[in-house]
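Dear colleague,

Please find below the structure that I agreed to pass on to you. My findings follow directly after it.

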Amino acid sequence: MNPAQTSISTCFSYDRSLEDLLPLIAAARFTHVSLGAKAPHSSYLSVSKRGSLRGLLDESDLRMDTIHGTRLDQHDSISNLTTAAEAAAFLNVPVVVVHASSFNFDSSEFDKRLEVVLKNCETLLPVAEDTGVRFALENVLPGPATDLVSSALDRLPREHFGFCYDSSHDQIGGPKPFDLLDGLADRLLALHLSDRIREHVDHVIPGEGFIAWPVLCGKIRRSAYAGPISLEVLTDYSKFKDQVGFLRQAYRQAERLYQLVFGQNAE
């Protein structure tokens with residue numbers, strides 16, 4: 001039987017090198033890894049270092065499902081995201097995840113920010129076409145900043161732009177329904193799954209917080225998503241502090257979610 005397709009972001013340990021982390025991730029039985037938002041940690045933006053990164057993945061028998069790129073609305077967004085897409089193509093990564101804006105902003109800024117996002121996505125369109133890499137816009141704080149993602153995706157071609165669902169972000173102020181995922185289910189390209197305990201205490205391993213995972217996984221099952229179950233979890237608030245134990249528990253829960261989404265008996 002094929003193993004559950006599961007991934008974990010490197011953001012759980014920026015203080016250790018990928019040479020150290022990738023064997024630990026593989027030993028915990030993950031099949032994939034996602035690069036976190038701190039580009040210097042992996043040096044993927046450096047053309048000269050990408051070969052070494054690909055070699056490390058091969059040695060650990062890991063694939064990469066996403067790269068977390070820079071924000072979409074900054075002065076250097078186009079150059080950085082172009083380089084990220086080129087790196088993703090070299091590393092056989094299908095999706096670059098981006099925040100469309102700051103985590104929150106006043107609703108009076110909405111129209112101007114939407115204009116910037118759409119203009120930058122239009123500029124990135126030939127990059128997506130040339131590399132075959134798709135960009136996934138991630139939900140952030142519920143309200144204007146996440147509404148911006150939905151509005152942008154309404155106007156962007158689905159062949160090249162889609163949605164990254166972050167469960168901890170979506171459930172700020174929760175528990176609450178997963179309406180956001182309902183509205184963007186047919187655009188879902190990437191997952192950043194983690195649990196939430198309370199305000200400012202989040203990105204913990206599924207099962208440590210209040211998120212109703214059977215309900216959420218049922219919605220993912222009915223979506224367009226076909227990639228690995230991908231966790232974006234941190235040790236900061238988790239009760240699992242030892243990194244080996246943390247990864248083992250993270251894999252157990254990722255495998256559980258995989259069965260809820262893709263298992264033959266999932267409803």
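How do the residues of the lining of the second largest pocket divide into nonpolar, polar and charged? In this predicted model, the lining has five nonpolar, eight polar and four charged residues. The pocket holds about 310 Å³ of space. Its lining is made up of 17 residues, and those nearest the centre are Tyr14, Ala37, His68, His99 and Glu232.

The largest pocket encloses about 390 Å³. Among its 25 lining residues, His32, Met64, Asp65, Asn92 and Pro94 are the closest to the centre. Helix H3 (50–60), strand S3 (63–68) and strand S7 (188–192) are the elements that each contribute two or more residues to this lining. By class, 14 of the lining residues are nonpolar, five are polar and six are charged.

I also examined strand S5 (residues 134–138) and the strands with which it pairs. Strand S5 is mostly covered, with four of its five residues buried. Five bridges link S5 to strand S4 (residues 95–99) in the parallel sense, and Val97 is placed opposite Ala136 of S5. Together with helix H5 (residues 110–131), S4 and S5 form a right-handed β-α-β unit.

Strand S5 also runs parallel to strand S6 (residues 161–166), to which it is joined by four bridges. Here Ala136 stands opposite Gly162 of S6. From S5 the chain passes through helix H6 (residues 144–155) to reach S6, in a β-α-β crossover that is right-handed.

Yours sincerely

Technical notes: Residues numbered from 1 in each chain as written. Predicted model: local features only at pLDDT ≥ 70, side-chain atom pairs only at ≥ 80, totals over all residues. Heavy atoms only, no water. Buried < 20%, exposed > 50% of the residue type's maximum accessible area, 1.4 Å probe, protein only. Pairing = 2+ DSSP bridges. Right-handed = clockwise from strand over helix to strand, strands pointing away. 1 Å grid on protein atoms, 1.4 Å probe; cavity = no way out; pocket = protein on both sides within 12 Å on 5 of 7 lines; lining within 4 Å. Points joined across faces, edges and corners; volume = space filled by probe spheres on them. Nonpolar A, V, L, I, M, F, W, Y, C, P; charged D, E, K, R; others polar.
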